[in-house]
Amino acid sequence: MKRLMMIVALVLFNLPVLAAPEIGQPAPDFTIKDIDGKEFNLADHKGKVIVLEWTNHECPFVRKHYESGNMQKTQQAARDQGVEWVSIVSSAPGRQGHVGADEARKIAQENKAVITTKLLDESGEIGKAYAAQTTPHMFVINKDGVLAYMGAIDDQPSPRAETVEGAQNYVLAALADLSAGKPVTTAQTQPYGCAVKYGE
Amino acid sequence: MKHTLPTLLLKHHKHAIFASMMTIIRRACFSFFLAAFVILTIDESVCAQTQEPVIPVERFSAEDIAKLLHIRLLAQRETIQPGETIWIGIEHAIAPGWHTYWLNPGDSGSATRISWQLPEGFQIGAINWPVPQKIPYGPLLNYGYSEQVILLQPLTSPEALPEGPLSLRANIDALVCKDECIPVSHSLDLVLNGDNDGLGNNELLQKALARLPLQTAWDVSYFQSGPDFVLNFPAQAVQEIGAAQDISFIPADWGLISNPAAAKVEKTETGLRIMQPRGERDLAEVKTITGLLAMKNARGVLTGYEFQANPDPSAPPVTMPPLAQDTQPKAQPLLSLSMAFFYALIGGLILNLMPCVFPVLSLKALSIVKNAHHNAATARYHGMVYTAGVLVSFWLIAGALIALQSAGAQIGWGFQLQHPAVIALLAALMFLVGLNLAGFFELTVMAGHGLSRWIAGHGLGASFFTGVLAVLVATPCTAPFMAAALGYAALQPPHASLMIFTGLGLGLALPYLAICFIPALQKTLPKPGPWMEIFRQALAFPMFGFAAWLVWVLAQQGGSFAVLSALLGLIALTLGIWLLKHHARVAKLLSLMAFALGFCLLLATGWMGATAAPQPDFGQRFSPAVLEEALQSPDPVFVEMTAAWCITCKFNHATSINIESTRALFAEKKVRYLVGDWTNADPQITEFLRGYGRNGVPLYIVYGQPDPATGTRPEPVVLPQILTPGIVANAVE
């Protein structure tokens, strides 16, 4: 009975629903099989700058960035600087944007995405560790595995393709600061887009 | 969900177990279960809100999108004078279940954007946003609007106003979301000083203006305290908002707070304080912030006050907040799934001993006694079928619970007993089983295969439906161990809920499963003989007693007319059975009519309307406002959550609360005693229960006296579900 009361007491405490990671702190580690069946362990990639991109190919905001070529341009610029790019799908089975490995690969090929790999986070575990809210939601991790940027891809929270032109790309700005050895000027912005379709 | 319940039953119906001739009784029984589940599923207008499958955006035609979000431009007046300012409204008519976004959309989405093409010299001000709703989405929370909203912008004409009609064009980009998001782009024109009547939509816009937050000049400060974001409001704010409920902070700036996390709102010596886990943003980079203090006012209308707050770096860190008033209970219980399953199993075991279940299960024991002497394999088979009956019913309840919750209904354990028609049908079932046990009728004689095979008999179908019945009648008794597990289940994803219910079912079935499987246990059962018939007849009386109790519950739910209707229904059913005993064709026809009449009368209780909760025998009736008010006093507060159909609640009340010593103690300690009655569905009580991780009654909470030095109360204490006068006295002292 005492044990039960303890559990009841524990139930009464409220935990934040999504605990966001902190800028300047180590990025939450994770290991998962990628769409090619290879193990992806974040800690193994220390020494390289990494961009995490939350995506959902059916979301109008994601489509704005892929159909306008803006996402691919950003990815290419990152690759040119030796940055690794990881796309993550946290849609739960049966929800919008959920794909199997074959379809995920096909989508990346059709979009001509310039990515290192793509991860299918069906359980939403990685998404919740990063408090990923939207698609797109971008995270930049520096060479020491420390979170350097999180938030929107740019300053135009609109699904309209015209807004890509002249937008300030926060990810590219963060990468530029990192390669210049400076602290990231704009380390946090409000992400925008569709909600990540976590399982209930 | 609403389709699968009857379908499942139909499947069983087709199964070999029931492959015998259809009889009138069977139809009647079938319609009982069907009706019970249909009532469970169609009430609360759940149908319209169930989740739809994901549809790719391409499938939405322009016409579909116009149905999801219809935008209109409205003018306060359609004529404008030189140098005049009038309100322009941008109305969103939003399809049910969909929403558009506020200035700060919250965790996802994007705010509506409007750009204007105006005639020369005209100026248009920023958007005035009505107070938004909180829209939870999985672990995220958005701020936005559902159904209808009018955004407002002030339009000012130049002194040199040209003659003739003026055309204004608004380019509107809105995002309308439910499970998926659809961007909507519209260009709409508005003509002023044209040849229309010029009256405009003043009335609609006045209503919209009333939904805008009130502007304040409050001196509000904010600071960070460990993991929390803290806002301090001055005494002036407390005075201005007056009596209000569900007070919360809605930030216009992003990243200040974890939007979906629970906030603690408390009155302090200097005013009001709100603490909420902080958001992802580094507060060192944030200066003056803007936000709304949102609440339901005394009339229950959503209102808000807009304020600006400045950082207060000198503020001392706040220690553990004394009084937790969760404005939005979103507890993530720390009970692990395996532990919850274990407690559910124990809870299920305890259900066997509940006074309302025991008589039904005695019937089962009786049939096991008969079977045990045939052969072991048949006994095992019966045990498994009984377990299946229990599990299937628990899964149906879990399914209904999940479906209702995903539709946003405020429900909890025992919710199926909050519907008068379910109570009436259950009373009828108990009554008929009682009649059968007492020997008023023998179904086997009358119809070959009938009700007896279902419940009181010894076929496999009987085993299955004894399991179903055990679950139905077990629900009034939330055994102590079940509360934590169920509270946990209600906050969990569907697979976890299902596991909890599976645990409960296995626990309930376990003793009989054991008797069926272990021959040694069977040997301990008494030998069959004439005593069985006497025992069977004796069992009729607990069934009648149970029916009487259900009718008493019905009296509280539907009033005296519901009782009359239910009792006449019982008489009609009895008449139907009596008529069936006569073999004349006309008797059969008449009995069919009597059954139809009986079920109609029983179902009619569902439309008798809920009666108001009775005045508690002492103490005050619970409401969030009364609780809030009581917590402001210097006295201890005792909250009791109860329901007429909850036997544990009634037992506790009679033995530990409504007794001389406790009454005297309450009077001596000036205890504020509040009683919440959950006999009928009450969202405020459901919300309160959820705040404590619970999903059923009873629940007893004691708020200790505030510390005279700081004026703050200690953490509220949750009392066990079985009370003794000693437990109550200890908690109060």
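**Figure 1. B:Asp246, a residue with positive phi in a strand of chain B.** In this predicted model, B:Asp246 counts as partly exposed, with 17 C-beta neighbours inside 10 Å. The residue sits in strand β14 of chain B, which runs over residues 244–251. Its phi is near 55°, a positive value in a residue other than glycine. Most residues other than glycine have a negative phi.

**Figure 2. B:Glu147, a residue with positive phi in a loop of chain B.** Here we move to the loop between β7 (140–146) and β8 (148–156) of chain B, where B:Glu147 lies. B:Glu147 is not a glycine, yet its phi is positive, at about 65°. How many other C-beta atoms lie within 10 Å of B:Glu147? There are 13, and B:Glu147 is partly exposed.

**Figure 3. The cis peptide bond between A:Thr135 and A:Pro136.** Let us turn to chain A. The peptide bond that joins A:Thr135 to A:Pro136 is cis, with omega at about -5°. Most peptide bonds are trans. A:Pro136 belongs to the loop between β6 (134–135) and β7 of chain A. Strand β7 appears again in the next view.

**Figure 4. An open sheet of 5 strands in chain A.** Reading across the sheet, the order is β5-β4-β3-β7-β8, and the pairing is mixed. Which strands form the edges? They are β5 (117–120) and β8 (147–151) of chain A, each of which pairs on one side only. Direction ignored, neighbouring strands of this sheet are turned against each other by 15° on average. Within the sheet, strand β3 (residues 50–54) of chain A pairs with strand β7 (residues 137–141) of chain A in the antiparallel sense, over 5 bridges. If you would like a landmark for this pairing, look for A:Trp54, which stands opposite A:His137 in β7(A). For the wider setting, the secondary structure of chain A comes to 6 helices and 9 strands. Of its 200 residues, 50% count as buried. Among chain A contacts between residues at least 6 apart in sequence, 76% join residues at least 24 apart.

**Figure 5. A:Phe139 and the largest nonpolar core.** This core holds 111 residues. Which of them touch the most other members? They are A:Val51, A:Phe139, A:Val140, A:Ala148, A:Tyr149, A:Val171 and A:Ala174. Chain B takes part as well: its strand β9 (residues 166–177) gives the most to this core, with 6 residues. Both domain 2 (61–212) and domain 3 (215–311) of chain B supply at least three residues to this core. Zooming in on A:Phe139, and leaving aside its neighbours within four places in sequence, we find contacts with A:Leu52, A:Tyr130, A:Leu147, A:Tyr149 and A:Met150. Another core, of 73 residues, lies apart from this one, and its members include B:Leu426, B:Ala643, B:Cys649 and B:Ile657.

**Figure 6. Helix α2 of chain A and what covers it.** Helix α2 (residues 60–67) of chain A is mostly covered, with 6 of its 8 residues buried. The buried residues are A:Pro60, A:Phe61, A:Val62, A:Arg63, A:Lys64 and A:His65. What covers them includes α3 (70–80), β6 and β9 (194–195) of chain A, together with β10 (181–192) of chain B. After α2(A) comes A:Gly69, which has a positive phi, near 80°.

**Figure 7. A:Ala92 and A:Gly199, brought together across the sequence of chain A.** A:Ala92 lies in the loop between β4 (84–89) and α4 (101–111) of chain A. Is A:Ala92 buried or exposed? A:Ala92 is buried, with 21 other C-beta atoms within 10 Å. Along the chain, A:Ala92 and A:Gly199 are 107 residues apart, while their C-alpha atoms are separated by 4.9 Å. Not counting residues up to four places away in sequence, A:Ala92 touches A:His98, A:Glu122, A:Gly124, A:Lys197, A:Tyr198 and A:Gly199.

**Figure 8. Two packed helices of chain B, α20 and α22.** Helix α20 (residues 660–668) and helix α22 (residues 725–732) of chain B have their axes 10 Å apart and pack at an angle of about 5°. The two helices are therefore roughly parallel to each other. On the side of α20(B), the contact is made by B:Ser661, B:Thr662 and B:Leu665. B:Pro725, B:Val728, B:Ala729 and B:Val732 are their counterparts from α22(B).

How values were computed. Residues are numbered from 1 along each chain as its sequence is written. Chains are lettered from A and ligands numbered from 1 in the order in which they are written. This is a predicted model: local features need pLDDT of at least 70, side-chain atom pairs count only at pLDDT 80 or more; totals for chains, interfaces and linings use all residues. A nonpolar core is a set of buried Ala, Val, Leu, Ile, Met, Phe, Trp, Tyr and Cys residues joined through C-beta atoms within 7 Å. A residue is buried if 20 or more other C-beta atoms lie within 10 Å of its own, exposed if 12 or fewer, and partly exposed in between; C-beta atoms are placed from the backbone. Helices (H or I, at least four residues) and strands (E, at least two) are DSSP runs, numbered from the N terminus. Domain bounds come from an automatic or database domain assignment. Two residues are in contact if their C-beta atoms, placed from the backbone, lie within 7 Å. Two strands pair if DSSP finds at least two bridges between them. Axes are lines fitted to C-alpha atoms, for helices over the stretch in contact, and angles run from 0 to 180 degrees between N-to-C directions. Angles under 35 degrees count as roughly parallel, over 145 as roughly antiparallel, 65 to 115 as roughly perpendicular and the rest as oblique.
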